[in-house]
Amino acid sequence: MTIELISPENVPPEHFGTLVRLADGRTQVRFERHFKHPIERVWAAITVAEQRDQWFPNFRLEPKLHGSFEIWFSEECDGPAHVQGSVIEFEPGRILHCGSMRYELSPTDDGCQLVFTDVLHFAEPRSDEEITNAVLGGWHRHTDNLEEFLDGVLAGPHGPEIDYRKVDVAGRD
């Protein structure tokens, strides 16, 4: 199965991910999303299995400090197909940090703000352009799925991805 790519032309600019080169040379992808839902609702969508399975079905999680997690990515994923580890930071209603992925929620006047980051690990060095094209589309779809689930309009967790080759990504060389 090949991932369908769609044009970024109708995507709000604030929905695009960015790249950050860390001091140790690794690359971090970052997405910020504003949700018009209370922080408790978004937290439950991320941490309660019955809700998370609707938008991120291949993510198993024990939502507690030192709890385990496992994620299975599709065969089309350019990174590892299976990731597992433990929850290294957990503040209920605010922070879930498992492995290289971190969800951080903060309240806003009309809902909450999500900052999602993932520090990337590839077996071989990649250019920022290769990372962008391989990873940002998938994590963009991931945050779209969460938003669509919260809004009650999720058609399914395996939709098309934004073609990041056509996006001027902040942090890409």
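A residue counts as buried when its relative accessible area is under 20% and as exposed when that value is over 50%, with partly exposed in between. The structure on display is a predicted model, and the tour opens with a residue to which this cut-off applies.

**Aspartate 163 and lysine 166.** Select aspartate 163, which counts as buried because its relative accessibility is 4%. Add lysine 166: the two side chains meet in a salt bridge, at 4.0 Å from N to O. Lysine 166, at 58% relative accessibility, counts as exposed.

**Other salt bridges.** The model holds eleven salt bridges. Select glutamate 104 and arginine 94 next, whose side chains form one of them with an N to O distance of 3.0 Å. This pair links distant parts of the chain, since glutamate 104 lies in strand E8 and arginine 94 in the loop between E6 and E7, ten residues apart. Glutamate 104 is partly exposed at 24% relative accessibility, and arginine 94 is partly exposed at 35%. Extend the selection to Glu89, Glu91 and Arg102: together with Arg94 and Glu104 they form one network, joined by salt bridges that share partners.

Then move to arginine 60 and aspartate 53, a salt bridge in which the closest N and O atoms are 3.0 Å apart. Arginine 60 counts as partly exposed at 39% relative accessibility, as does aspartate 53 at 30%.

**The sheet.** Switch to a cartoon view and follow the open sheet of eight strands, ordered E2-E3-E9-E8-E7-E6-E5-E4 with antiparallel pairing. Strands E2 (18-21) and E4 (59-61) stand at the edges with a single partner strand each, so one side of each has no neighbour in the sheet. From one strand to the next the twist averages 20°.

Select E3 (residues 27-35) together with E9; the two run antiparallel and are joined by eight bridges. Within this pair, arginine 30 stands opposite threonine 117 in E9. Now add helix H1 (residues 39-47), which packs on the sheet and touches E3, E4, E6, E7, E8 and E9. The direction of H1 makes about 165° with that of E8.

**Aspartate 118.** Finish in strand E9 (residues 111-119), where aspartate 118 is placed. Which side chain of opposite charge is nearest to aspartate 118? That side chain is arginine 26, 8.5 Å away, and aspartate 118 is buried yet has no salt bridge. Select serine 100 as well: a polar contact of 2.5 Å joins its side chain to that of aspartate 118. Beyond four places in sequence, the residues that aspartate 118 touches include Thr27, Gln28, Val29, Met101 and Trp139.

Methods:
Residues are numbered from 1 along each chain as its sequence is written. This is a predicted model: local features need pLDDT of at least 70, side-chain atom pairs count only at pLDDT 80 or more; totals for chains, interfaces and linings use all residues. Side-chain values use heavy atoms; hydrogens and water are left out. Helices (H or I, at least four residues) and strands (E, at least two) are DSSP runs, numbered from the N terminus. Buried means under 20% relative accessible area, exposed over 50%, partly exposed in between (1.4 Å probe, protein chains only). Lys and Arg count as positive and Asp and Glu as negative; His and the chain ends are not counted. A polar contact is a pair of N or O atoms within 3.5 Å; within protein, one must be able to donate a hydrogen and the other to accept it, and residues adjacent in sequence count only if both atoms are side-chain atoms. Contact means heavy atoms within 4.5 Å. Two strands pair if DSSP finds at least two bridges between them. Axes are lines fitted to C-alpha atoms, for helices over the stretch in contact, and angles run from 0 to 180 degrees between N-to-C directions.
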